[in-house]
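Here are a few exercises to work through with the model open in your viewer. Try each task yourself before you read its solution.

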Amino acid sequence: MKFENGETYTLKNIGFSAQHMDTTVERLVDLGLHPGQKFKVLQKLNSGKVIVIQFEKTILALNELEISCLEV
Amino acid sequence: MSRSLNIAVVGAPNSGKTTLYNWLTGSKYKTVNYPGATVEFAVGSLNPALIEKFQLNSNKQIQFFDTPGIYSLNPKSADEEVTYNLVVGQQQHPIDFVLLVVDETQLNRQLLIAEQLQKSGIPFQIIFMMDDLASKEGLLIQRDQLVQSYGQKNVLVFDGLFGAGLEEVLRFTESLESQKYQIQEIGFDKKSLDQLQKQAQKKYRDFVKMERAPSQDSPLERTVRIDQIVLHPVWGLFLFFTVMTLLFASVYWMATPFMDWIDAGVSAFSDVVKNNVAGLAGQFLSDGIIAAIGGVIIFIPQIFILFLGIGLLENSGYLARIATLVDRPLSKIGLGGRAFVPLLSGFACAVPAIMATRNIQSKKQKMLAQFIIPFLTCSARLPVYGLIIGFLFAGENNLLSGFVLAVLYFVAILISAIISGIFSRLVQNTERPMLSMDLPYYRRPQFKIIFKQSVDKSKSFLKRAGPVIFILAIVLWFATQFPRPENADQLTSAEITEQSYAGQLGQKIQPLFEPMGLDWRAGFGVISSFAAREVFVSSLSLVFNIEGEEDAQIEGLIKAMKSATFQSGSHQGEPIFTVASSIGILIFFMLALQCLSTYAILKQESGGHKLALLQLVFSNVFAYALAVAVVQGLRLIGIA
């Protein structure tokens, strides 16, 4: 999934394409991401390998592995 | 006698735990603005001044435990395990109660810990922090209903800046009794975690409302605006390199006038002592003790400025952005953004930096970070760099000197990166590193607090280095003055030193240091620095018999270095300290692990001698080989 700068997305699921990454999925849940959560992409860095998202009052940076867990 | 009431202060990173802990205990622990600042728990008793001020029960012993930040009771890294083991595992200390510190602007995710604590049967009380920020964000929090949903009666709001609400927190903790709790449930699988997250989200929706639009100076809006530049793929990196260059170069530029004053002051004091205390005792005090101590305190301005700079970056919230910016570049050498903060701390001191690697979840990343941190330019190297740069430029060009110092920092970074890159390819691991970096709101650095903390850290540097240097100064002075020749009165200081124990030993090891372009005296300085790097300066002062009658101590040493020549061997009569040999010294000190504390912490954090020994042997062999190669290479192209 390619995320675009400034776009808002709604999270359908976490970890749909992720294999053997329970810890990563758990951490994303810990950080407040959950199905139904809307988030906005604030920045894309390193050709989209790192993205900065905002949801509620939180700003979070995610790497490629974590991005791959987000189903929108 | 009954045991003390043990209260753990728990919460997510940046929620304000350490701030509350400092207010309760009167401690001065550093509060910073990035995740992973606390990697070990701290224990402190209730501040006696508060007992008196609020007339609390003085018979009750209360201990508070400041814990590393956690996002949930499912630990993912070594620092989170510290909190988990304390609160859930009840290891080392029986905890009676948990104060759960929550940032009101982050309740959407910080209530998960409350759900887990409740489900585990761990007694806790929510402490609301940062209500001013929540108000600016337009949030209305129905605190009474929220705490009631967890069976709590008290609504405790605490202001970390001014301490409002402290009395209520104190009265509440005073009312608690020592009673070890029984854990009802531990370990939360994904299904259970999802369920708890849903409950937390429902409570968030029920009890937290957007009352109005965020105010004009909303911290979130301001942060997003600043991040447009700070996290920009081009401008962000440009800003990063500019900030780092300024930080490292200003360590030299800004410190120079202060260092000159200290140098002149120490020299004047040494002269007074020498003129008033006759004979060997006067020499011992002035050339041994005062010179050695002066050789360390002169570098306090540089160390203070370094701590101040890092403190400002930490406190502003900028560090987490840098970690985000460099995540991808660092991943090329087997590291990630989470390794950045430990690496940066390595520029102050390797010991806390290696401890800070607990924040890194990936074992491979953690090991690599622990291995390369000792290569980074810690504050103990500054005295050596300061001396050699001072020798090369003789204080004539501060701008160039500052630039050279920045270059030394960057070369150390580059070499560390290459080593990490090579080692990361040798270590097989399928683990994929996480970033998931919380980006806190920017805030104006609390300069007064950072200044005070920098003073404390500089004092701590002196306290740590002082005794070692004092003892070594005595040993070194005796080694350079004894055995006393019978005709000592007719000999020069240099001739006495040459016949001394240090002279005899030094001449035996001279063949080892000759390829580096050094004679036995400089080699003796290098060997003595294995006790502490800073000792290099004072041991050189001793073997070169700096008396400081005409010049300031360091100035005098530099003057002696300029005129020093080989006293024997194939290079007899040739200058020792040349451009080539000075660069050789810089390279050796840049790479060699010469610190016992670093070895000990490497052993502790990596779980054995293996990594620490590998670092010790590899870094010293590599440092020596590279220094020799560069010195010989420079000589080949005509640079003496």
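**Exercise 1.** Leaving aside its neighbours within four places in sequence, which residues is B:Phe340 in contact with?

*Solution.* Keep in mind that this is a predicted model. Start at B:Phe340 and skip the residues within four places of it in sequence. What remains is B:Phe240, B:Leu319, B:Ile322, B:Ala323, B:Val326 and B:Leu330. Next, place B:Phe340 in its wider setting: the largest nonpolar core has 135 residues, and B:Phe340 is one of those that touch the most other members, along with B:Leu335, B:Leu387, B:Leu405, B:Leu540, B:Phe544 and B:Phe577. There is also a second, separate core of 59 residues, which includes A:Ile67, A:Leu70, B:Tyr84 and B:Val98.

**Exercise 2.** Find why α25(B) can be called largely enclosed by the rest of the structure.

*Solution.* Take the helix residue by residue, counting a residue as buried when its relative accessible area is under 20%. B:Val535, B:Phe536, B:Val537, B:Ser538, B:Ser539, B:Leu540, B:Ser541, B:Leu542 and B:Val543 are buried. That makes nine of nine, so α25(B) is largely enclosed. Now look for empty space beside the helix: B:Val537 and B:Ser541 help to line the second largest cavity, whose volume is about 60 Å³. The helix that gives the most to this lining is α12(B), with three residues. Sorted by class, the lining has five nonpolar, four polar and one charged residues.

**Exercise 3.** Which helices of chain B each supply at least two residues of the lining of the largest cavity?

*Solution.* The whole-structure search gives six cavities of 30 Å³ or more, and the largest has a volume of about 90 Å³. Its lining includes B:Cys349, B:Cys378, B:Arg464, B:Arg533 and B:Cys595. The helices you want are α17 (350-356) and α28 (596-606). By class, the lining has seven nonpolar, three polar and two charged residues.

**Exercise 4.** Are the two faces of β4(B) buried or exposed?

*Solution.* In a regular strand, side chains alternate between the two faces of the sheet. Split the strand that way: B:Phe97, B:Leu99, B:Val101 and B:Asp103 lie on one side, B:Val98, B:Leu100 and B:Val102 on the other, and all are buried. With seven of seven residues buried, β4(B) is therefore largely enclosed by the rest of the structure. Finally, check its partners. β1 of chain B runs parallel to β4(B) and is joined to it by five bridges, with B:Gly11 opposite B:Val101. β5 of chain B also pairs with β4(B) in the parallel sense, over six bridges, and here B:Asp103 stands opposite B:Met129.

Methods
Residues are numbered from 1 along each chain as its sequence is written. Chains are lettered from A and ligands numbered from 1 in the order in which they are written. This is a predicted model: local features need pLDDT of at least 70, side-chain atom pairs count only at pLDDT 80 or more; totals for chains, interfaces and linings use all residues. Side-chain values use heavy atoms; hydrogens and water are left out. A nonpolar core is a set of buried Ala, Val, Leu, Ile, Met, Phe, Trp, Tyr and Cys residues joined through side-chain atoms within 4.5 Å. Buried means under 20% relative accessible area, exposed over 50%, partly exposed in between (1.4 Å probe, protein chains only). Contact means heavy atoms within 4.5 Å. On a 1 Å grid over the protein atoms alone, a cavity is a set of points where a 1.4 Å probe fits but cannot get out, and a pocket is an open set with protein on both sides within 12 Å along at least five of seven lines; lining residues have an atom within 4 Å of a point. Grid points are joined across faces, edges and corners, and a volume is the space filled by probe spheres set on the points. Helices (H or I, at least four residues) and strands (E, at least two) are DSSP runs, numbered from the N terminus. Ala, Val, Leu, Ile, Met, Phe, Trp, Tyr, Cys and Pro count as nonpolar, Asp, Glu, Lys and Arg as charged, and the others, Gly among them, as polar. Two strands pair if DSSP finds at least two bridges between them.
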